[in-house]
Amino acid sequence: MQGDGARLQIWLKRDQVGPERYDEFKLYETGDFMWARGVLIRTKKGELSVDVSDFGFLSKAYRPLPDKWAGLHDVETRYRQRYLDLLVNPQSRELAVTRSRVVASLRDLLNERGYLEVETPILQPIYGGAHARPFTTTHHAYGQNLYLRISFELYLKRLIIGGLDRVYEIGRDFRNEGVSKKHNPEFSMLEVYQAYADYRDMMDLMEALVSETATRVLGGTQVERDGETIELAPPWPRRSMAELIEENTGINIELAADLESLRAATDEAGVEGVEPGDVPSWALLVDDVFSKAVEPTLVQPCFVVDYPLDLSPLAKKSAENPQLVERFEAFIGGMEIANAFSELNDPDDQRERFLAQAEAGRLGDAEAHPIDEEFLRALEYGMPPTGGLGLGIGRLTMIVTGASHLREVKIFPHLRPRDD
RNA sequence: GCGGCCUUAGCUCAGUGGUAGAGCAGCGGGCUUUUAACCCGUCGGUCGUCGGUUCGACCCCGACAGGCCGCACCA
């Protein structure tokens with residue numbers, strides 16, 4: 001018998017239960033549900049077993065289970081009928097359990113530190129908080145066009161404005177994009193906002209959340225990935241984006257400070273994967289070069305800092321260099337795990353950034369941030385200096401479990417519909 | 001969205017230009033036993049779909065669908 005992931009042998013003897021009941025038992029099939037009562041014993045071979053005195057039928061399995069020895073390998077069936085995968089493949093069950101423990105750990109750690117868990121709208125009249133294309137839908141009763149949120153950011157900031165000084169939300173974001181080993185159109189995020197804090201505080205929080213979660217879930221801070229050991233214990237190094245790009249490509253983005261010269265430098269350096277002439281702005285090309293040439297190399301935990309202003313319309317400008325913002329992205333295993341900044345709390349500056357985004361949109365950036373007047377109005381009531389952090393839960397779970405595909409840690413990954 | 005590869009029984013997989021096989025599961029019976037797999041018997045597939053080539057296709061060609069990998073988009 002199997003239940004809740006554990007297996008236990010039952011031992012049914014004809015002379016103990018009687019021939020009629022014994023024959024009844026023989027009608028039971030693999031996959032059926034039954035109950036049994038009896039004394040726990042060890043057989044001659046030492047197998048823990050229930051010496052059954054009474055038993056009964058609970059429910060029927062009409063369809064046969066996948067082969068218990070060969071298992072279920074067909075990936076399509078594993079994802080489309082995840083219940084079979086969970087039933088038959090212990091490692092799939094283990095991943096589901098680990099993911100749940102990762103989420104529980106994040107929630108516990110934040111609660112312990114006095115953060116308040118909140119829920120904000122998934123259906124939003126204006127999307128925002130990230131560089132992405134949204135899903136759209138309609139509310140019939142109000143004749144209202146709505147977007148499925150691409151981030152929680154602008155609503156959580158409203159709560160900071162409302163005086164809830166430490167808030168977080170764990171939930172789902174929706175981005176109308178492709179699927180890959182690191183991407184799914186709906187994915188789980190943690191976003192945290194803390195008043196009177198900045199992005200450096202968010203680094204400390206990030207290090208604590210990840211290393212402590214690994215300790216709670218795995219018992220240690222080292223994880224294996226593609227044969228390499230990753231050490232999650234803090235401190236993590238802080239590297240500037242420009243420095244990392246120069247190190248990996250030889251391109252100095254401070255010298256190549258406009259789209260044409262950066263394009264020329266990129267073509268000359270022959271950065272693999274960067275397509276000629278398909279990016280509408282300098283900032284997006286910087287981002288492209290970074291993600292192609294640098295990101296895969298960031299296997300050990302690393303905070304990348306000093307992001308260009310144009311890539312970060314919701315982040316506060318750096319005090320030292322107004323072309324940069326107080327922002328970091330945390331990378332582990334060659335993946336972006338988190339994004340954080342000192343939040344932009346100046347409504348005038350925020351308006352300028354929105355206008356710049358609108359211009360980027362006109363120039364062909366389909367993911368440019370729309371202007372959100374309601375959010376600007378909220379900012380005008382005054383927002384304290386605030387640090388914010390967004391952390392990808394699926395990706396963090398990939399790191400903790402060593403999984404190589406997001407869909408392995410996502411119980412029901414996105415697939416095309418099947419018409420049979 | 002683009003390119004490459006894949007799709008044979010419930011599951012895991014063989015296979016050949018002449019109209020398909022194994023193991024497990026299932027079903028019928030036997031055995032009260034073990035550590036995936038006991039014994040005997042038995043059922044089971046219009047070989048993803050639709051077209052084409054051919055005397056004949058599961059096998060060759062094309063389209064379509066789904067999946068995987070890569071690219072693009074991106075967290």
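# Reasoning from values to terms

Me: Tyr196 lies in the loop between strand 11 (186-195) and helix 7 (199-218). Why is Tyr196 called exposed?

Reply: The model is a predicted one. In this model the relative accessible area of Tyr196 is 60%. The term exposed applies to values over 50%, so Tyr196 qualifies. The backbone of Tyr196 also has a positive phi of about 60°, although the residue is not a glycine.

Me: Why is Asp226 described as exposed?

Reply: Asp226 has a relative accessible area of 73%. The limit is over 50%, and Asp226 is therefore exposed. Asp226 is placed in the loop between strand 12 (222-225) and strand 13. Its phi is positive, at about 50°, although Asp226 is not a glycine.

Me: What makes strand 12 and strand 13 a pair?

Reply: Four bridges join strand 12 to strand 13. Pairing requires at least two bridges, so the two strands count as paired, and they run antiparallel. Val223 stands opposite Ile230 in strand 13. Strand 12 and strand 13 form a hairpin with two residues between them, and Asp226 is in the turn.

Me: How do you know that the side chains of Thr221 and Glu231 make a polar contact?

Reply: The distance between these side chains is 2.6 Å. A polar contact needs N or O atoms within 3.5 Å, one able to donate a hydrogen and the other to accept it, and the pair is listed as such a contact. Thr221 lies in the loop between helix 7 and strand 12. Leaving aside neighbours within four places in sequence, Thr221 is in contact with residues including Ser211, Ala214, Ile230 and Glu231.

Me: What makes the pairing of Asp51 and Lys13 a salt bridge?

Reply: The side chains of Asp51 and Lys13 meet at 3.1 Å, N to O. The limit for a salt bridge is within 4 Å, so the pair qualifies. The pair links distant parts of the chain, with Asp51 in strand 5 (residues 48-59) and Lys13 in the loop between strand 3 (9-11) and helix 1 (14-17), 38 residues apart. The structure holds 31 salt bridges.

Me: Are Asp51 and Lys13 buried or exposed?

Reply: Asp51 has a relative accessibility of 15%. Buried means under 20%, so Asp51 counts as buried. Lys13 stands at 22%. That value falls between the limits of 20% and 50%, and Lys13 therefore counts as partly exposed.

Me: Why do Arg149 and Glu169 form a salt bridge by this criterion?

Reply: The closest N and O atoms of Arg149 and Glu169 are 2.9 Å apart, and the cut-off is within 4 Å. Arg149 lies in the loop between strand 9 (144-148) and helix 6 (153-161) and Glu169 in strand 10 (residues 166-174), so the pair ties together parts that are 20 residues apart in sequence. Arg149 has a relative accessible area of 2% and Glu169 one of 3%. With the limit for buried set at under 20%, Arg149 is buried, and Glu169 is buried.

Me: How do you know that Lys157 and Glu153 meet in a salt bridge?

Reply: The N to O distance between the side chains of Lys157 and Glu153 is 2.8 Å, and a salt bridge requires a value within 4 Å. Lys157 and Glu153 both lie in helix 6, four residues apart, about one turn of the helix. Both residues are buried.

Me: What makes strand 7 (123-124) and strand 8 (136-139) edges?

Reply: An open sheet of three strands has the order 7-9-8, with antiparallel pairing. Strand 7 and strand 8 each have a single partner strand, so one side of each is left without a neighbour in the sheet. Strand 7 pairs with strand 9 over two bridges, and the requirement is at least two. Gln124 stands opposite Tyr147 in strand 9.

Me: Why does Leu40 count as exposed?

Reply: Leu40 has a relative accessibility of 53%. The limit is over 50%, so Leu40 counts as exposed. Leu40 is found in strand 4 (residues 33-42). Together with Leu8 and Leu48, Leu40 makes a nonpolar surface patch of about 240 Å².

Technical notes. Residues numbered from 1 in each chain as written. Chains lettered and ligands numbered in written order. Predicted model: local features only at pLDDT ≥ 70, side-chain atom pairs only at ≥ 80, totals over all residues. Heavy atoms only, no water. Patch = residues over 30% accessible without salt bridge, like charges linked within 9 Å, V, L, I, M, F, W, Y side chains within 5 Å. Areas by Shrake-Rupley, 256 points an atom, 1.4 Å probe, with all protein chains shown as cover. Buried < 20%, exposed > 50% of the residue type's maximum accessible area, 1.4 Å probe, protein only. Contact = heavy atoms within 4.5 Å.
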